[in-house]
Amino acid sequence: MTDSIDASLVHAPIHASVHASVHAPIHAPLHAIDLIRKKRDRGTLTEAEIRFLVAGAASETIPPEQLAAWLMAAWLNGLAAEEIRALTVAMRDSGVKFDPHRPGSGLGTGLGTGLGAGLGKGLSKVAVDKHSTGGVGDKTSFLVAPLAAACGVVVPMISGRALGHTGGTLDKLEAIPGYRTALSLEEFEAVLVKCGASIVSQTPALVPADRVLYALRDRTGTVESPGLICASILSKKLAAGLDALVLDVKTGSGAFMRKREDAEYLAALMVTTAEAAGTRTVALMTDMSQPLGAKAGNWIELVESVELLRGERKAESEDLRELSLILAGWMVYLGGQAESPEAGYARAEAAIVDGSGLRVLMEMIAAQGGDVAVLDDPDFHKPGATLVVEAWETGYVAAMDTTMLGWAVQRLGAGREKAGEPVDAHAGIHFHARRGSFVETGQPLATLYATTESMLAEPGSLLRRAIVFSETAPAPVPLVSRVFTLAEAEALLHQHL
Ligand code: URA
């Protein structure tokens with residue numbers, strides 16, 4: 001016996017608006033205000049309380065100011081492991097789910113050729129995805145999804161929009177005229193059957209809680225929280241019915257988790273949470289101390305990706321190529337199509353050489369309504385205004401504040417200040433120098449593309465503040481610094497206890 005009382009009942013008011021039903025010690029009526037105060041006072045919410053908040057977010061019955069206050073309390077005081085697990089599962093279950101292996105699904109045995117035909121093809125195929133915690137110039141999805149699909153796995157990828165200083169896969173894809181990201185689950189399945197990969201948005205029906213919370217976090221400075229990031233990412237991934245997942249956890253000046261220890265904690269948290277939910281998961285800690293590849297924006301990121309899938313090699317894009325092959329290698333390995341991640345890498349590289357990766361991407365774009373012809377049109381890129389920023393010193397590019405560079409990209413018009421605003425397909429930055437490059441004064445450092453002339457000034461000055469020169473070359477940073485399998489993730493979390 002204990003004389004302590006359940007903290008969840010302390011503030012329980014008399015009038016119920018929603019009754020929590022799962023694992024609540026008593027069917028206590030719940031109100032958002034009590035849960036805000038509980039988190040504000042560093043309490044740990046019960047699973048029922050988390051479900052209540054998530055249901056209120058999904059149905060939009062809890063007003064945004066209360067959700068925002070709770071998010072800020074969670075950001076400031078942190079979430080316990082059990083709260084993170086409950087939040088992830090409640091968000092996953094907040095809408096309909098996709099099951100790539102449902103009996104009679106379009107992923108059955110391959111009986112047709114058109115969109116919507118071919119039922120049954122993928123039962124034997126493993127559904128694998130990759131997700132990044134967000135970065136600047138991070139466009140690996142456009143490479144890994146088609147490459148892994150070309151190697152025999154199915155990639156049902158539910159992606160997000162620009163968040164904070166980071167770009168959004170959906171915003172980039174929508175730079176292609178006609179490309180539809182908001183597919184119904186039937187359409188999603190049909191594209192997967194036809195192409196092996198499909199990149200879509202979460203739709204109001206799929207993980208609706210994340211749609212609401214993600215947009216609120218973007219506007220309230222509550223993005224950079226390990227627990228909130230874990231639940232946001234994994235809820236979408238688990239709702240897609242994945243068999244396996246490769247996580248790309250960014251660390252460095254452009255990552256949400258800038259400090260290595262925080263990024264490691266996030267990686268371990270996500271691996272254990274996803275594994276507990278039944279998805280085989282691995283996390284790679286990867287460098288975000290500079291933009292990935294040479295381009296950050298919307299359309300220009302797609303172009304850089306397509307060039308690589310065409311087999312073109314440019315020094316400025318080598319880090320992007322290498323990381324994409326490593327991630328695709330893990331996907332192919334976890335999907336049972338290679339003996340090891342290294343063998344998976346070799347298979348993915350072969351899919352660049354034989355053109356099958358590019359074919360999958362083009363088929364996917366066409367299947368989702370996109371005009372593939374623009375990808376062959378060098379005149380399609382028509383930014384409203386252009387500015388070349390030249391090096392103001394001679395020396396090595398020693399450091400980049402990549403978060404500041406990300407904000408510069410967003411303010412050129414590639415991102416939005418308010419939810420729902422349109423973004424400029426052509427805005428962005430082409431970086432001509434990388435960390436460690438030696439440049440002479442006056443040499444072009446970056447080309448900025450904006451919607452209008454007046455939008456160039458602030459990003460130009462952000463860029464100047466973000467880059468530091470030195471007389472000596474900086475120490476190189478490994479592209480992949482650590483890999484977390486379940487055993488490593490559990491060991492790290494054990495140290496945190
Ligand atoms: N990507 C997401 O989907 N959610 C986050 O919170 C961060 C990155």
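Helices, as the word is used here, are DSSP runs of H or I with at least four residues, and strands are runs of E with at least two, numbered from the N terminus. With that in hand, let us walk through this predicted model, beginning with its enclosed spaces.

The structure holds seven cavities of 30 Å³ or more. Start with the second largest, which encloses about 80 Å³ of space. Helix α7, strand β8 (295–297) and helix α16 (402–414) each give at least two residues to its lining. The largest share comes from α16, with four residues. In total, 17 residues line this second largest cavity, and those nearest its centre are Gly167, Gly297, Glu301, Val409 and Gln410. Sorted by class, the lining has nine polar, five nonpolar and three charged residues.

Now move to the largest cavity, with about 350 Å³ of space. Its lining is made of 27 residues, and His131, Ser132, Thr133, Gly134 and Tyr214 lie nearest its centre. Helix α7, at residues 169–173, turns up again here: along with β3 (128–132), α9 and α10, it supplies at least two residues of the lining of the largest cavity. The largest share, four residues, belongs to α10. By class, this lining divides into 14 polar, seven nonpolar and six charged residues.

Keep Tyr214 in view, please, as we turn from cavities to pockets. The largest pocket has a volume of about 330 Å³. It is lined by 19 residues, and the closest to its centre are Arg161, Gln202, Arg211, Tyr214 and Ala215. So what supplies the largest share of the lining of this pocket? That is α9, with five residues. The classes here come to seven nonpolar, six polar and six charged residues.

Both α9 and α10 have now come up, and it is worth looking at how they meet. Helix α9 covers residues 208–220 and helix α10 covers residues 226–239; they pack at an angle of about 145°, with their axes 11 Å apart. The crossing of α9 past α10 is left-handed. On the α9 side the contact is made by Asp210, Tyr214 and Arg217, while α10 brings Leu228, Ile229, Ser232, Ser235 and Lys236. These contact residues comprise three nonpolar, two polar and three charged. Tyr214 thus appears in three settings: nearest the centre of the largest cavity, among others, close to the centre of the largest pocket, and in the contact between the two helices.

Two single residues round off the tour. The first is Lys125, found in the loop between α5 (81–92) and β3. Is Lys125 buried or partly exposed? Its relative accessibility is 26%, so Lys125 counts as partly exposed. Leaving out residues up to four places away in sequence, Lys125 touches His101, Gly152, Val154 and Asp243. Gly152 sits 27 residues from Lys125 along the chain, yet their C-alpha atoms are separated by 6.9 Å.

The other residue is Thr251, which belongs to strand β6 (residues 244–251). Thr251 counts as buried because its relative accessibility is 11%, and the cut-off for buried is under 20%. Beyond its neighbours within four places in sequence, Thr251 is in contact with Met257, Arg258, Lys259, Arg260 and Ala263, and also with Met285, Thr286, Asp287, Met288 and Ser289.

Technical notes: Residues numbered from 1 in each chain as written. Predicted model: local features only at pLDDT ≥ 70, side-chain atom pairs only at ≥ 80, totals over all residues. Heavy atoms only, no water. Axes fitted to C-alpha atoms, helices over the stretch in contact; angles between N-to-C directions. Left-handed = near helix turned anticlockwise from the far one by under 90°. Contact = heavy atoms within 4.5 Å. Nonpolar A, V, L, I, M, F, W, Y, C, P; charged D, E, K, R; others polar. Buried < 20%, exposed > 50% of the residue type's maximum accessible area, 1.4 Å probe, protein only. 1 Å grid on protein atoms, 1.4 Å probe; cavity = no way out; pocket = protein on both sides within 12 Å on 5 of 7 lines; lining within 4 Å. Points joined across faces, edges and corners; volume = space filled by probe spheres on them.
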